Structures are given as structure tokens and as C-alpha cells.
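Reader: I should be grateful for a close look at one part of this structure, with each technical term explained as it arises. Please begin with how its strands are arranged, and then place that part within the whole.

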Amino acid sequence: MSNDKPTSKASVRVLATLAFVAVVAYGLDQGTKLLVTRTLVEGGSVDVIGEFFQLHFVKNPGAAFSFASGSTWIFSLAAAAVAVAIVVVARRIRSLAWAVMLGMLLGGTLGNLTDRLLREPSFGQGHVVDFIYFPSLLPAIFNVADVFIVSSMGLLLLLTLLGIGLDGTRAPSAKKSRREAADAASVTGATADTAPPADTAPPADRRSAS
């Protein structure tokens, strides 16, 4: 009997998880940006937790955390390429953890890409809305999409360190592989030591019949 049916069900569940996480990330990003643009003026600030956490509305022409300003069109192309790559890779995944990671990355990427495509000053060079600011921790101002993108990179690093593949299986570590090989060798050696030598069988009775 073939196991294609269970595999197909698992794949649908994983793809649904990826899509759900991506939609949530995208919705939170665009919703918070809409709220900020409607309630704050550009350059304005609101203290949320004193001076530790502020909402500070700026428009960013660069990458995440306001880096590399002036190269907006490059990041627009890169974001589009990332989104396409995720869609292509999504067909191969069977791991829920990978689905969550890719969903976070896709939602965050599409959130900032939407700004670059649809906001001023022009298509493909729009400025991204940033507003999350921790003055005492980071000099950069960022947004919800950036949070999801950076969090997905952290999860990717964790999955890599744990050796979890796209199919959900965990690759054995080199140390574990060496230990298992040594155990197998010792068992094989013990079996060889306890087996009777090939030439210990009793000699055949060579007496001739009288």
C-alpha cells in the first residue's frame, strides 16, 4: 500500500500553516502602519513606556532598520525574489517549524514590499513606514515587518543548529554518528570474537569400511 495520502494531508496542513502565518504577519504590519500614518505626523513621537519605548513615525527609503538608504529599488527586487523563492520552496516542506519560519519571512517581506511598490515617491521606490523605537537599546527605527523578518532568521538559525530539514526529519550530529558507528563496530567485533572458528569442526571419520 502507498503512503501518498498521509503525506498529501501533512503537506496541506503545512502549507495552510505557512499561509496563515504569512497573512497574520502581513495584516499586523499593514494595519499598524495604517494606524501610525493616520494618527501621527511624520517625525512625531509618542512615549509608550516612558523614553524606553516610543512610537516615532519616519519614512525609510532603505532596508530594514533604516540601513542602506537610497537603494530602494534594489530592495524591491530582492524582496520580490525572496517572495517567489518562498513560494517555490513551500511545495517541498513537511515541517511545521519550517512553515512558521517561512510564513514569518514571507509576511514580513510582502509587508515592506507593499510599501516600496505603492507608497511615495514612486512605484518600486516607495518609502517604508517605520515607527518602533527603543532609544536606549537601538539607534534604528523599525516596523512590525522587520520584527517578523528578523525573528524568522533567528528561527532559521535554530532549525539549522538542530539539524531539522524541510521534511521535518532531524539529521544526526557528527558526534552522534561517530558514537553510533563505534557502538556498531564494538558489537560487530564482539560477535566475531564469540563465533567459533571455521576450522574447529570435528574431523570427518576417515576409517575405511572393512
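Author: The account below treats the sheet, then the helices and cores, and finally the chain as a whole.

The model is predicted, so local features are given only at pLDDT of at least 70 and side-chain atom pairs only at pLDDT 80 or more, while totals for chains, interfaces and linings use all residues. Residues are numbered from 1 along each chain as its sequence is written, and side-chain values use heavy atoms, without hydrogens or water.

Four strands form an open sheet in the order S1-S2-S3-S4, with antiparallel pairing. Here, strands (E, at least two residues) and helices (H or I, at least four residues) are DSSP runs numbered from the N terminus, and two strands pair if DSSP finds at least two bridges between them. Strand S1 (45-49) and strand S4 (141-142) form the edges, each pairing on one side only.

At one edge, S1 and strand S2 (residues 53-60) are joined by four antiparallel bridges. Within this pairing, Asp 47 has Gln 54 in S2 as its bridge partner. Three residues lie between the strands of this hairpin, where Gly 50 takes a positive phi near 55 degrees. At the other edge, strand S3 (residues 128-133) pairs with S4 in the antiparallel sense over two bridges, and Ile 132 stands opposite Phe 142 in S4. Helix H4 (residues 144-162) packs on the sheet and touches S3 and S4; the directions of H4 and S3 make an angle of about 80 degrees. Such angles run from 0 to 180 degrees between N-to-C directions, along lines fitted to C-alpha atoms, for helices over the stretch in contact.

Ahead of S3, the loop between H3 and S3 holds Pro 121. A cis peptide bond, with omega about 15 degrees, joins Glu 120 to Pro 121. In general, most peptide bonds are trans.

Helix H3 (residues 96-118) contains Thr 109. This residue counts as buried because its relative accessible area is 8%; buried means under 20%, exposed over 50%, and partly exposed in between, with a 1.4 Å probe and protein chains only. The side chain of Thr 109 reaches the backbone oxygen of Leu 105 at 2.7 Å. Apart from residues up to four places away in sequence, Thr 109 touches Ala 79, Val 82 and Ile 149, a contact being heavy atoms within 4.5 Å.

H3 also contributes to the largest nonpolar core, which has 16 residues. A nonpolar core is a set of buried Ala, Val, Leu, Ile, Met, Phe, Trp, Tyr and Cys residues joined through side-chain atoms within 4.5 Å. Helix H1 (4-39), helix H2 (72-90) and H3 each supply at least two of its residues, and H3 gives the most, with six. Among the residues with the most contacts inside this core are Leu 18, Ile 93 and Trp 98. Beyond its neighbours within four places in sequence, Ile 93 is in contact with Val 14, Leu 18, Ala 99, Leu 102 and Leu 166. A second, separate core has 13 residues, including Phe 57 and Met 104.

The protein chain as a whole has five helices and four strands, running α-β-β-α-α-β-β-α-α from the N terminus. Of its 210 residues, 32% are buried.

Methods:
Polar contact = N/O pair within 3.5 Å; in protein donor to acceptor, adjacent residues only side chain to side chain.
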